[in-house]
Structure formats: structure tokens, C-alpha cells
Amino acid sequence: MKKPILFFLKLILLSLLLLPVFAYFDAAYFYIISFAILKPLEQIDYVSSKSLYPFFILILATPGIGIKRSSLSILTAISLSLLIDLCMIYAWDTFPFSQANNPSNAHIWAGMSWHVFMNWILPILLWFVVAQKQIEQYLKSHLVKNTVNNKDIVSV
């Protein structure tokens, strides 16, 4: 019971401590994307830098992940996010518009799919991939304790 509480306290503490840093990360992310597509910042609709915050905090708060592995996973997540954002920006421009600059069904479907994937699926999925060993060790130790306790209770 002590480990989950400490993990959640680390999550809250890191969220509060890293809050000022995220503004600089957003600015750098925007400039990288605007440089890559040669458009002004006002014309960029798909930027998922904010969706990486939960991943950063989960990686930094998970016990047992070393500095080398966490920094490599953060760089990989940033690269993957940039690639997906660039693909979405280019795809948005290639879909034909339905009428006078109104988005078509393809635009709407792609935008909603991008939003769900980048904000909900990708950060948690990447965290599971990186912290798989730590999660497995915690669940094994927790499940073994519960099964031993349940067998003792049943046998009494």
C-alpha cells in the first residue's frame, strides 16, 4: 500500500515542479514544427507537445527506471510525436476540402483520430513499453502477497 501512495505523491510533486519547464518545451516544439513545414506558428493546428507531459511525468516518477533509459525514452517519445504531428499536418493539407475551406469528413475523422491517439493512447502505451519490467515486478510481488494471504485465510 505504501508504494502506490509514494508513486502518486511523486506524480503530483513532479507535475508541480515541471509546470514552469513545460512552457519552454512548448515553445521549442512549436519552433521545430514551424521550421520543418515552413509555416508561421499561427497556421499550425496539430501540435501534440502537451500530450507528452503525462508521459514525461510517468517516466520520471516510475521507480527503477534509470537516467539513461528515461532520457532515451523521452527523446524517442518526442521524435515519434514530432513525426506523427508532421504527418498529420501534411495529411490535413492533402485532403480535399468539401466547400470553401470547410473540412470534409476525412478531415474530421483524421482530426478526431489524431486527438484520441496523441492525447490518450500514445502516452500510456509508451509508458507501458518503457516501464514494462517495473510494472511486471510490482504486479508479481503484489499478486503473490495477495494469493498467499488468500490461501491462509481459506485454509483457516
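The legends below accompany close-up views of a predicted model.

**View 1. Helix H3 packed against helix H4 in the predicted model.** In this view helix H3, which covers residues 53-61, and helix H4, which covers residues 67-94, have axes that come within 10 Å and cross at roughly 170 degrees. Because angles over 145 degrees count as roughly antiparallel, H3 is described as roughly antiparallel to H4. On the H3 side the contact is made by Phe55, Phe56, Ile59 and Leu60, while on the H4 side the contact is made by Ser70, Ser73, Ile74, Ala77 and Ile78. Sorted by kind, the residues of this contact between H3 and H4 divide into seven nonpolar and two polar, with no charged residue among them.

**View 2. Ser70 of helix H4.** This close-up turns to one of the residues that H4 brings to its contact with H3. Ser70 is found in helix H4 and has a relative accessible area of 9%, so this residue is buried. When its neighbours within four places in sequence are left aside, Ser70 is in contact with Ile59 and Ile65, and Ile59 is itself among the residues of H3 that make the contact with H4.

**View 3. Ser81 and its surroundings in helix H4.** The place of Ser81 is also in helix H4, and with a relative accessible area of 0% this residue is buried. Not counting residues up to four places away in sequence, Ser81 touches Tyr29, Ser48, Leu52 and Met118. With one of these residues, Ser48, there is also a polar contact, made between the side chain of Ser81 and the side chain of Ser48 at 2.7 Å. Ser51 can be located in the same view by its distance from Ser81, since the two residues are 30 residues apart in sequence and their C-alpha atoms are 9.0 Å apart in space.

**View 4. The salt bridge of Asp26 with Lys50.** The structure holds two salt bridges, and the one shown here is formed by Asp26 with Lys50, the closest N and O atoms being 2.8 Å apart. This pair links distant parts of the chain, with Asp26 in helix H2 and Lys50 in the loop between H2 and H3, 24 residues apart. The two partners can be told apart by their accessibility: Asp26 is buried, with a relative accessible area of 11%, whereas Lys50 is exposed, with a relative accessible area of 53%.

**View 5. Ala28 in helix H2.** Ala28 is found in helix H2, which covers residues 19-37, and at 39% relative accessibility this residue counts as partly exposed. The view also takes in Ser49, whose C-alpha atom is separated from that of Ala28 by 9.5 Å, although the two residues are 21 residues apart along the chain.

**View 6. The salt bridge of Glu136 with Lys140 in helix H6.** In this last view Glu136 forms a salt bridge with Lys140, and the closest N and O atoms are 3.3 Å apart. Both residues lie in helix H6, which covers residues 132-155, and because they are four residues apart there, Glu136 and Lys140 are separated by about one helical turn. Glu136 counts as partly exposed, at 38% relative accessibility, whereas Lys140, at 52% relative accessibility, counts as exposed.

Terms used: Residues are numbered from 1 along each chain as its sequence is written. This is a predicted model: local features need pLDDT of at least 70, side-chain atom pairs count only at pLDDT 80 or more; totals for chains, interfaces and linings use all residues. Side-chain values use heavy atoms; hydrogens and water are left out. Axes are lines fitted to C-alpha atoms, for helices over the stretch in contact, and angles run from 0 to 180 degrees between N-to-C directions. Helices (H or I, at least four residues) and strands (E, at least two) are DSSP runs, numbered from the N terminus. Angles under 35 degrees count as roughly parallel, over 145 as roughly antiparallel, 65 to 115 as roughly perpendicular and the rest as oblique. Contact means heavy atoms within 4.5 Å. Ala, Val, Leu, Ile, Met, Phe, Trp, Tyr, Cys and Pro count as nonpolar, Asp, Glu, Lys and Arg as charged, and the others, Gly among them, as polar. Buried means under 20% relative accessible area, exposed over 50%, partly exposed in between (1.4 Å probe, protein chains only). A polar contact is a pair of N or O atoms within 3.5 Å; within protein, one must be able to donate a hydrogen and the other to accept it, and residues adjacent in sequence count only if both atoms are side-chain atoms. A salt bridge is a side-chain nitrogen of Lys or Arg within 4 Å of a carboxyl oxygen of Asp or Glu.
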